[in-house]
Amino acid sequence: MKIAVLAGDGIGPEVTAEAVRVLEACNLSVITLTHADVGGAAYRNHGHPLPEATLEAARAADAVLFGAVGDPACDALERHLRPEQAILGLRRELGLFANLRPARIFPGLEHLSPLKPEIARQVDTLIVRELTGDVYFGDKGVRETAEGAREGWDMMAYSAPEIRRIARVAFTTAQGASGALTSVDKANVLETSQVWRDEVSAMAADYPEVTLSHMYVDNAAMQIISNPAQFSVMVTGNLFGDILSDLASAAVGSIGLLPSASLGERQTDYGTFGLYEPIHGSAPDIAGRGIANPMATILSAAMMLRHSLGRALEADRIEAAVAKALADGVLGRDLGGEHGTRAIGDAVIERLSP
Ligand code: IPM
Ligand code: MG
């Protein structure tokens, strides 16, 4: 099994190092790792945030373990050279259209959520975010209005095939879970969303076991923190999914706990090719100090074992070890604790079941 490790910027290298240590502690001798530069680090070394060699390393692997990209030193660069373009380019070039972002409260850790414990207890949602379309990848530019004012514009569009392939992932996932699927859009205002809603609705007939409902994104934001119990699987577009997944992560207690899987259509010998990353960013303000919480990346590695490498048992072991560490009070600073990056990695490894 070949894993490409793209650690990236800021806290990326620190948190991926711990995830790799946890993987190694699982004693999967069949795993080989390759490392490649990405983001601001790649720009500095190779003049581009996503060098061809990095893309090749990702393509040659069965899965990609990704840290984070984003570097304030690169903010003044032209947009196509900024670190964020690396992750957007990887998603596009690798065809990773389906982003799974589970947000589940860890039992006993309700007090870590800013929500009241009785509400926090209900948070158990999988956000299925479309990842290669929407306003993220539409034409964009800066132009001048008739009055001579500077005007930025971004094109939002979703085609029926793009909607159907992400909806299929969501329906299939909901079928295997509680059977409830909420599709989130803004169909009261956007044509893009009306087509989205029509296509998702039309597909419901193929999945009679799934109960489909629709919700406007503004309402969904409110409902996630006021009545999260109603959500099991949610499906939404790229931009709304970006926003709602940060919201859901805060409901869990910290963005430092949320993993993600980005999947496409390509099958490997062991599962579906995918890229795995924590949903948090590069956190330049705390980078290099050994205080970042690596749990989201460790949990991303668990998702990688499950979806891309056919190792569900090891995935379960890692997830159980993280839950146990949290229950034992192994908390990073993001959760009001004192544990550093390495100490959290050690604590998870110690708790891996034999
Ligand atoms: C995420 C991030 C990215 C996104 C950024 C870094 C481009 O916020 O994965 O949620 O907007 O998708
Ligand atoms: Mg985001």
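Domain 1 and domain 2 of this predicted model bury about 890 Å² between them, with 71% of that area on carbon and sulfur atoms. On the domain 1 side, the residues that give up the most area to domain 2 are Arg-91, Ile-279 and Leu-335, and together they make up 45% of what that side buries. As for who touches whom, nine residues of domain 1 are in contact with 11 residues of domain 2. The centres of the two domains, taken over C-alpha atoms, sit 24 Å apart. The bounds behind these numbers come from the domain assignment, which puts residues 1–96 and 260–354 in domain 1 and residues 110–253 in domain 2.

Polar links don't turn up at this interface. The count of salt bridges between domain 1 and domain 2 is zero, and zero residue pairs are found in polar contact across the interface, with both residues required to be at pLDDT 80 or more. On the domain 1 side, the elements that give two or more residues to the surface touching domain 2 are α4 (84–93) and β11 (261–267). Of these, α4 supplies the largest share, three residues.

Within the loop between β5 (124–130) and β6 (140–144), Thr-132 is worth a look. Its relative accessible area is 14%, so Thr-132 falls under the 20% cut-off and counts as buried. Setting aside neighbours within four places in sequence, Thr-132 is in contact with Arg-91, Arg-92, Leu-96, Phe-97, Phe-137, Glu-162, Arg-165 and Asn-238. Among these is Arg-91, which was already met as one of the domain 1 residues losing the most area to domain 2. With Arg-165 there is also a polar contact, made side chain to side chain at 3.3 Å.

Asp-134 is found in that loop between β5 and β6 as well. Its phi is near 75°, a positive value in a residue other than glycine. Most residues other than glycine have a negative phi. At 6% relative accessibility, Asp-134 counts as buried.

Another positive phi in a residue other than glycine belongs to Ala-283, at a value near 40°. This alanine is placed in the loop between β12 (272–276) and α10 (295–307). Unlike buried Asp-134, Ala-283 has a relative accessibility of 24% and so counts as partly exposed, since the buried class stops at 20%.

A second threonine, Thr-192, lies in helix α7 (residues 191–203). Thr-192 is buried too, with a relative accessible area of 15%. Beyond its neighbours within four places in sequence, Thr-192 is in contact with Met-156, Ala-157 and Tyr-158.

Finally, the cysteines. The structure holds zero disulfides. Cys-26 is buried, with a relative accessible area of 5%. Cys-74 is buried as well, at 3% relative accessibility.

Technical notes. Residues are numbered from 1 along each chain as its sequence is written. Chains are lettered from A and ligands numbered from 1 in the order in which they are written. This is a predicted model: local features need pLDDT of at least 70, side-chain atom pairs count only at pLDDT 80 or more; totals for chains, interfaces and linings use all residues. Side-chain values use heavy atoms; hydrogens and water are left out. A disulfide is a pair of cysteine sulfur atoms within 2.5 Å. Buried means under 20% relative accessible area, exposed over 50%, partly exposed in between (1.4 Å probe, protein chains only). Domain bounds come from an automatic or database domain assignment. Contact means heavy atoms within 4.5 Å. Buried area is the accessible area (1.4 Å probe) that two parts lose on being put together, summed over both. A salt bridge is a side-chain nitrogen of Lys or Arg within 4 Å of a carboxyl oxygen of Asp or Glu. A polar contact is a pair of N or O atoms within 3.5 Å; within protein, one must be able to donate a hydrogen and the other to accept it, and residues adjacent in sequence count only if both atoms are side-chain atoms. Helices (H or I, at least four residues) and strands (E, at least two) are DSSP runs, numbered from the N terminus.
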